[in-house]
Amino acid sequence: MSYFGQSYGGVFGVTYARLFPERVRAMALDGVINHTADNAALETMMWHTLQRAFTEFADREPGYGAAWRALLARADRSPIPVSRASKPLAYNAFDLQNAAYGFLIDNARHAELAAAIDQASRGDAALFAARAGMRKYWTPAFSLATQCADGFRYASYDDFAASAARERVAAPDFPTFRTGYQASTCAGFPGPVRNPRGPLDGAKLPPLLGVSGLVNQPETGDVVHRVPRSVMVPVSKWEHVLYQGDPAVRERIDRYFGENTAPGRRRAPGLRQPESRDRPTEPAVDDDGAVPLLRDR
């Protein structure tokens, strides 16, 4: 039995299920990065999630959509200085997008994002930099061991440029976030891809339980719906690793492991099925509303 939370643990969990399906007796995936879709499909999921998050912010804070786009255009020409930094520091458009992501995934911080945009529009990006300790946001070294070594990178500059062009269309308010992050993290990473992504073997895996807030719903849903009789439990809030802070999610996951059943719910209203050449299997729900998760081998 295994529980895997968001990000790097989630990459490992999906990878483990793909490489060693016969060893998996039960697995809960809590807002994970998808290791079954190809890079183009994964990026598309992330772009749509980013744009959806920003659209919700702009709807809640009228006028800030236009102010944000103007700020990005300005920072692209001339980075915005950061006051109170220990040494000269300025945020370019990518830095602003990287910082704003942390505000967007928590609805309670939308007013702070609006204030940060106001201040940066007046020539000071300090409120964006404050969450990073008055520095630029950095990429943890363990990204190199999980994302770059597993193929979350571009094969060439032309590959990056084509992806960046698609991102500007799919996520106009975050036009360089994903491509900039991925290119800057893995550019020049030595060695071949050791663990290329591939599909899960639904014939060998038990039904999985997926749980996710809005941040990772498309990616998690795409993984879960590829395994027959699996269940996705979507949660309508922008948070990571829901098991830690949501009692209802914790109870569902604990019941899954303790009683070998999961709540029978197909998909949240409005959750868009990710595009895939390998159409995932729809999860089956028993008459009593629960799905047996451990089955005889």
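**Met134.** I began with Met134, which in this predicted model sits in the loop between α6 (126-130) and α7 (142-148). I looked up its backbone angle and noted a positive phi of about 60 degrees, although Met134 is not a glycine. I then checked its accessibility: Met134 counts as buried because its relative accessibility is 18%, and the cut-off for buried is under 20%.

**Arg229.** I turned next to Arg229, in the loop between α10 (217-224) and β6 (231-234). Here too I noted a positive phi, near 65 degrees, in a residue other than glycine. Is Arg229 buried or partly exposed? I found a relative accessible area of 26%, so I entered Arg229 as partly exposed.

**Glu43.** I moved to the acidic side chains and placed Glu43 in helix α2, which covers residues 39-60. I recorded Glu43 as buried and without a salt bridge, the nearest side chain of opposite charge being Arg178, 4.2 Å away. A salt bridge needs a distance within 4 Å, so I did not enter this pair as one. Leaving aside residues up to four places away in sequence, I listed its contacts as Tyr154, Ser163, Arg166, Arg178, Thr179 and Gln182; Arg178 is thus one of the residues that Glu43 touches.

**Glu61.** I finished with Glu61, found in the loop between α2 and α3 (64-77). Which side chain of opposite charge is nearest to Glu61? I found Arg60, 6.4 Å away, and I noted that Glu61 is buried yet has no salt bridge. With residues up to four places away in sequence not counted, I wrote down His110, Ala111 and Ala114 as the residues that Glu61 touches.

Terms used:
Residues numbered from 1 in each chain as written. Predicted model: local features only at pLDDT ≥ 70, side-chain atom pairs only at ≥ 80, totals over all residues. Heavy atoms only, no water. Helix = DSSP H or I, 4+ residues; strand = E, 2+ residues; numbered from the N terminus. Buried < 20%, exposed > 50% of the residue type's maximum accessible area, 1.4 Å probe, protein only. Lys, Arg positive; Asp, Glu negative; His and termini not counted. Contact = heavy atoms within 4.5 Å.
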